[in-house]
Amino acid sequence: MSGDVSGVCEVVLGVGLNIQMTIEEGDAINQNWVDLKSLTDDGLDRNEVIVSVLEELFLMLEEFSARGFSGFAEDWARFDVYRGRDVSVTTVKGSEHGISHGVDHSGALQLEVGGHIRRFSGGEVSLRLKR
């Protein structure tokens, strides 16, 4: 994310989908993974999958532009599997471990570290369950 806090921001989004992976390909991944083909008996066309994902993403970006994070906060809280769990947060500055407290009203990740809440709100952030 880049831009002026009170003005226009530019965001780069990356989406990775595992459509059809072999066990051998998955062995190179150091976390749990799943591919879409293993979740359905239907044949998957990767072009149809990406068109569906992009159509939904464009709708969500329009809503975000109009309403900000508040339009997504309720769904985020409902699906937040990290809330209350011991996690690691990695940024370009390093890693921190703590308890996830979900996100605040602006969408900033809240991490309890040593009894204090730290907020992460921009840049590249990787969130993983602590092992």
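Asp104 counts as buried, at 13% relative accessibility, where buried means under 20% relative accessible area, exposed over 50% and partly exposed in between (1.4 Å probe, protein chains only). That residue is a handy way into this predicted model, in which local features need pLDDT of at least 70 and side-chain atom pairs count only at pLDDT 80 or more, while totals for chains, interfaces and linings use all residues. Residues are numbered from 1 along each chain as its sequence is written, and side-chain values use heavy atoms, with hydrogens and water left out. Helices (H or I, at least four residues) and strands (E, at least two) are DSSP runs, numbered from the N terminus.

**Salt bridges**

- The structure holds four salt bridges, each being a side-chain nitrogen of Lys or Arg within 4 Å of a carboxyl oxygen of Asp or Glu.
- As background, side chains of opposite charge can pair when their charged atoms come close.
- Asp104 is in one of them: its side chain meets that of Arg119 at 3.5 Å, N to O.
- This pair links distant parts of the chain, with Arg119 in strand E6 and Asp104 in the loop between E4 and strand E5 (109-113), 15 residues apart.
- Unlike buried Asp104, Arg119 is partly exposed, with a relative accessible area of 49%.
- Arg78 and Asp75 make another salt bridge, at 2.6 Å from N to O.
- Those two sit three residues apart in helix H3 (residues 73-79), so about one helical turn separates them.
- Arg78 counts as exposed at 53% relative accessibility, and Asp75 as partly exposed at 35%.
- Glu63 and Arg67 also meet in a salt bridge, with 3.0 Å from N to O.
- Here the spacing is four residues within helix H2, so again the partners are about one helical turn apart.
- Glu63 is partly exposed, its relative accessible area being 28%.

**Helix H2 and its ends**

- Helix H2 covers residues 46-67, 22 residues in all, and reaches 31 Å from its first C-alpha to its last.
- That is close to the 32 Å expected at 1.5 Å a residue, the expected span being 1.5 Å times one less than the number of residues.
- At the start of H2, a side-chain oxygen of Asp45 comes to within 2.7 Å of the backbone nitrogen of Asn47.
- For reference, a polar contact is a pair of N or O atoms within 3.5 Å; within protein, one must be able to donate a hydrogen and the other to accept it, and residues adjacent in sequence count only if both atoms are side-chain atoms.
- Just after H2, Gly68 takes a positive phi of about 70°.

**Aromatic pairs**

- Rings of Phe, Tyr and Trp (its six-membered ring) pair if their centres lie within 6.5 Å; planes under 30 degrees apart count as stacked, over 60 as edge-to-face and the rest as tilted.
- By this rule, there are two aromatic pairs.
- Phe64 and Phe72 form a tilted one, 6.2 Å centre to centre with 40° between the planes.
- Phe64 is partly exposed at a relative accessible area of 44%, whereas Phe72 is buried at 17%.
- Phe69 and Trp76 pair edge-to-face, at 6.4 Å centre to centre and 65° between the planes.
- Phe69 is buried, with a relative accessible area of 14%, while Trp76 counts as partly exposed at 45%.

**The sheet**

- Five strands make an open sheet in the order E6-E5-E4-E3-E7, with antiparallel pairing; two strands pair if DSSP finds at least two bridges between them.
- Its edge strands are E6 (116-120) and E7 (126-129), each of which pairs on one side only.
- From one strand to the next the twist averages 45°, using axes that are lines fitted to C-alpha atoms (for helices over the stretch in contact) and angles from 0 to 180 degrees between N-to-C directions.
- E3 (residues 86-91) and E4 (residues 94-103) run antiparallel and are joined by six bridges.
- The same two strands, E3 and E4, form a hairpin with two residues between them, and Thr91 stands opposite Gly94 in E4.
- E3 is also joined to E7 by four bridges, again antiparallel, and Thr90 has Ser126 as its bridge partner in E7.
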